[in-house]
Amino acid sequence: NPLPLRQGSPELLYLQNIRDNVHDFALGRHRAARSARSLESELARLHGLGPKLAAALWQHFGSLQAMAKATEEELQTVPGIGREKAKAVKEHLKVIVAEEKSGRKKRPKDNAADGPAADSAALE
């Protein structure tokens, strides 16, 4: 049942303010969650690094900045990441961080030793 509130009454303005704040909060949470999923899937695009390893990186480091600051040796402490994957992840993270700073989206070239098939897989 709608309440009979006059247009511009303090009560109506108060309820509208609450509605607007709840809406802003919900949108902010949704955008943050979508951004985190987007970055996780960005990591998963790297050849040889699937969603499970991307999730393990997020769980271990907690943020993109922490991953980017980590050395290759620190990346290797995550189960399933060896020396070659750590090197590839480190290079990929440099590109992701640069994109975040510039606001542009570029795809990194994968390790040339993996061949052209790996390059096309990394770019998909």
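Biologist: Is Lys-94 buried, partly exposed or exposed in this structure?

Modeller: In this predicted model, Lys-94 has a relative accessible area of 49%, and it counts as partly exposed because that value falls short of the exposed class, which begins over 50%.

Biologist: Which side chain meets that of Lys-94 in a salt bridge?

Modeller: The general idea is that side chains of opposite charge can pair when their charged atoms come close. Here the partner of Lys-94 is Glu-91, with 3.4 Å from N to O, and Glu-91 is itself partly exposed, at 42% relative accessible area. The two residues stand three apart in helix 5, so they are separated by about one helical turn.

Biologist: How many salt bridges does the count come to?

Modeller: The count comes to three. Another one of them joins Arg-19 to Asp-20, whose closest N and O atoms are 3.0 Å apart, and Asp-20 is partly exposed at 35% relative accessibility. There is also the salt bridge between Glu-84 and Arg-83, with the closest N and O atoms 4.0 Å apart; in that pair Glu-84 is partly exposed at 49%, whereas Arg-83 is exposed at 60%.

Biologist: What is the nearest side chain of opposite charge to Lys-90, and how far away is it?

Modeller: That side chain is Glu-74, which is 7.0 Å away, and Lys-90 is buried yet has no salt bridge. Lys-90 lies in helix 5, which spans residues 83-102.

Biologist: Which residues is Lys-90 in contact with, leaving aside its neighbours within four places in sequence?

Modeller: With those neighbours left aside, Lys-90 is in contact with Met-67, Ala-68, Lys-69, Ala-70, Glu-72 and Leu-75.

Technical notes: Residues numbered from 1 in each chain as written. Predicted model: local features only at pLDDT ≥ 70, side-chain atom pairs only at ≥ 80, totals over all residues. Heavy atoms only, no water. Helix = DSSP H or I, 4+ residues; strand = E, 2+ residues; numbered from the N terminus. Buried < 20%, exposed > 50% of the residue type's maximum accessible area, 1.4 Å probe, protein only. Lys, Arg positive; Asp, Glu negative; His and termini not counted. Contact = heavy atoms within 4.5 Å.
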